[in-house]
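Subject: Structure for your review

Dear colleague,

Please find below the structure that I am handing over to you. I would be grateful if you would read the notes that accompany it with the structure open.

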Amino acid sequence: MMNISTQIESNISAQLFLACKRLGAIANERSETLYFVGGVVRDSLLGVKSEDIDLVLDGNIESFSKDPQVQSIATIVSKSQFKTLKLQIGKSTIDVANART
C-alpha cells in the first residue's frame, strides 16, 4: 500500500507541507483530525506539482480558526457561512472545509 503523505510531501513546497503538518498536529491535540483532500491528492497520485491545497477538518472549524496556535501559522483570509476557511501561508492559500456528518 502506498503512503500518499510521502507523495504529497514531494509535490508541494516544503513550507506548505510543514504548515499543514503543524496544523494537523494542532488538530490532533484538540482531538480533531485534518485530512488532505481534492486536487493535492489527485496531483500527488499523478506525480504533478500542486498548488491546489484543500483540507478537511473533522472537528469544530470555528474554534479551530480562533486557536492561537493556528493563527500563529496562518492568516485567516476569510470564513464562510458554509463552515469553510481560507488560510494564507506565505504566498499560498489553503482551503479548509468542515467535515459534514
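The notes below cover a helix, a pocket and the salt bridges.

Please bear in mind that this is a predicted model.

I begin with helix H3, which spans residues 39–46. Its buried residues are Gly39, Val40, Asp43 and Ser44. Because these residues cover an arc of only 130° around the axis, they lie on the same side of H3. In general, an α-helix has 3.6 residues a turn, so residues three or four places apart point the same way. What do the buried residues of H3 pack against? Their partners are helix H1 (4–11), strand S1 (33–37) and strand S2 (53–58). After H3 comes Gly47, with a positive phi near 75°.

The second topic is the largest pocket, which holds about 310 Å³ of space. It is lined by 15 residues, and those closest to its centre are Cys20, Gly24, Leu34, Tyr35 and Phe36. H1, helix H2 (14–29) and S1 each contribute at least two residues to the lining of this pocket. H2 gives the most, with six residues. By character, the lining comprises nine nonpolar, four polar and two charged residues.

I turn last to the salt bridges, of which the structure holds six. One of them returns us to H3: Asp43 pairs with Arg42, their closest N and O atoms being 3.0 Å apart. Asp43 counts as buried, at 10% relative accessibility, whereas Arg42 is partly exposed, with a relative accessible area of 46%.

Glu62 takes part in two of the pairs described here, one with Lys66 and one with Lys79. In the pair with Lys66, the closest N and O atoms are 3.4 Å apart. Glu62 and Lys66 are four residues apart in helix H4 (residues 61–66), and therefore about one helical turn separates them. Glu62 is partly exposed, at 39% relative accessible area, while Lys66 counts as exposed, at 52%.

In the pair with Lys79, the closest N and O atoms are 3.3 Å apart. Because Lys79 lies in strand S3 (residues 75–79) and Glu62 in helix H4, this pair ties together parts that are 17 residues apart in sequence. Lys79 is partly exposed, with a relative accessible area of 43%. In addition, salt bridges that share partners join Arg30, Glu32 and Asp67 into one network.

With kind regards

Terms used: Residues numbered from 1 in each chain as written. Predicted model: local features only at pLDDT ≥ 70, side-chain atom pairs only at ≥ 80, totals over all residues. Heavy atoms only, no water. Buried < 20%, exposed > 50% of the residue type's maximum accessible area, 1.4 Å probe, protein only. Arc of directions from axis to C-beta. Contact = heavy atoms within 4.5 Å. 1 Å grid on protein atoms, 1.4 Å probe; cavity = no way out; pocket = protein on both sides within 12 Å on 5 of 7 lines; lining within 4 Å. Points joined across faces, edges and corners; volume = space filled by probe spheres on them. Nonpolar A, V, L, I, M, F, W, Y, C, P; charged D, E, K, R; others polar. Salt bridge = Lys/Arg side-chain N within 4 Å of Asp/Glu carboxyl O.
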